[in-house]
Amino acid sequence: MKSDTPAEHLSVSEPEHRRSIKSFVLRQGHMTAAQQRAIDENWARLGLDYRAEAVDLNRVFGRDAPKVLEIGFGMGTATAEIARRLPDYDFLAADVHGPGVGNLCKLLAEQDLHNVRVMRHDAVEIVENMLPDNSLHGIHIFFPDPWHKKRHHKRRLIQTPFVAKLLPKLHSGGYIHLATDWEEYALQMLEVLSGFAELKNTAADFAPVPAYRPETKFEMRGKRLGHGVWDLVFTKL
Ligand SMILES: C[S@@+](CC[C@H](N)C(=O)[O-])C[C@H]1O[C@@H](n2cnc3c(N)ncnc32)[C@H](O)[C@@H]1O
């Protein structure tokens, strides 16, 4: 029998594959004056505002070059360094953390780097609503929050439903590169990526760190705590 009580409506949950991951808790964090200034002075050039409609990335970057999406760049130090090492690639870098957004804008302005656009928005929504299919050559997700506690595992980005949303954005021959300092998450990543028939592992299991990836801030912290590091690089067939 149908009922229209609000409580019953609430109890009807969305199917698992349609529910988006909430992978972060917004921390306030302190934005330094220099970080704020870097945003104020450079956002028109370096920033890209979220819009729930497909974007033409070649227009955004002003050239036809391979595009790489980075999800969760943190303070952006590795992002800027990779952009410097790979000038022929364009990087769309997304994070929700304000001070990190300011820091990356500052690094890009200081180093006169033109091949990065910064987004301050939930990358899950960017992927779902803004990126056209086949528009990416690569996806970088370095040291995503491991959400150690079992009851928080549902917040992890690397789960089958989200990867299923990511893969159509990659063109054939493109790659996805993940890294983590949390072994049990590394094994989850390996299992999730290995479950997609259209992905091929570039290594037997974990990959050597590719030459373009410098140590990230979060990685340094993990190493200080005695953690290992696991990289995974899969290509799309
Ligand atoms: C553990 S930190 C790692 C930062 C950096 N990659 C590093 O290795 O130093 C994870 C980052 O992912 C960001 N993040 C988590 N979920 C996100 C999402 N859905 N969209 C964008 N950024 C996200 C967090 O704000 C945080 O800065």
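## Exercises on the ligand shell and three buried residues

In this predicted model, 22 residues surround the ligand, and the closest of them are Gly72, Gly74, Ala123, Thr216 and Phe218. Two or more residues of that shell are given by each of the elements β2, α6 (123-129) and α9 (217-224).

**Exercise 1.** Determine which element gives the largest share of the shell around the ligand, and how the shell divides by residue class.

*Solution.* Begin with the elements: the largest share comes from α9, with 3 residues. Then turn to the classes, where the shell has 11 nonpolar residues, together with 6 polar and 5 charged ones.

**Exercise 2.** Locate Phe91, decide whether Phe91 is buried or exposed, and list its contacts beyond the local sequence.

*Solution.* The first step is placement: Phe91 belongs to strand β2, which covers residues 90-95. For the second step, the cut-off for a buried residue is 20 or more other C-beta atoms within 10 Å; Phe91 is buried because 24 other C-beta atoms lie within 10 Å. In the third step, residues up to four places away in sequence are set aside, and Phe91 then touches Val68, Glu70, Thr79, Ile82, Ala83, Asn115 and Val116. A further pairing concerns Lys67, which is 24 residues from Phe91 in sequence, while their C-alpha atoms are 5.8 Å apart in space.

**Exercise 3.** Establish which residues UniProt lists under "binding site", and how far they are spread in sequence and in space.

*Solution.* According to the unreviewed UniProt entry, the "binding site" residues are Lys149, Asp181, Thr216, Lys217, Phe218 and Glu219. These residues are spread over 71 residues of sequence, and they are spread in space as well, with up to 23.1 Å between C-alpha atoms.

**Exercise 4.** For Asp181 and Thr216, both listed in that record, work out the loop in which each lies, the reason each counts as buried, and the contacts each makes.

*Solution.* Take Asp181 to start with: Asp181 sits in the loop that links β5 (170-180) to α8 (183-194), and Asp181 is buried because 21 other C-beta atoms are found within 10 Å. Leaving aside neighbours within four places in sequence, Asp181 is in contact with Phe143, Glu219, Gly222, His227, Gly228 and Val229; among these, Glu219 is itself listed in the UniProt record.

Continue with Thr216, which lies in the loop between β6 (199-201) and α9. Thr216 is buried because 24 other C-beta atoms lie within 10 Å. With residues up to four places away in sequence not counted, Thr216 touches Gly74, Ala78, Phe142 and Phe143. Finally, Thr216 and Gly74 both appear among the residues closest to the ligand.

Methods
Residues numbered from 1 in each chain as written. Predicted model: local features only at pLDDT ≥ 70, side-chain atom pairs only at ≥ 80, totals over all residues. Helix = DSSP H or I, 4+ residues; strand = E, 2+ residues; numbered from the N terminus. Buried ≥ 20, exposed ≤ 12 C-beta atoms within 10 Å, placed from the backbone. Contact = placed C-beta atoms within 7 Å. Near = placed C-beta within 6 Å. Nonpolar A, V, L, I, M, F, W, Y, C, P; charged D, E, K, R; others polar. UniProt positions renumbered as here; feature names shortened; annotations may be inferred.
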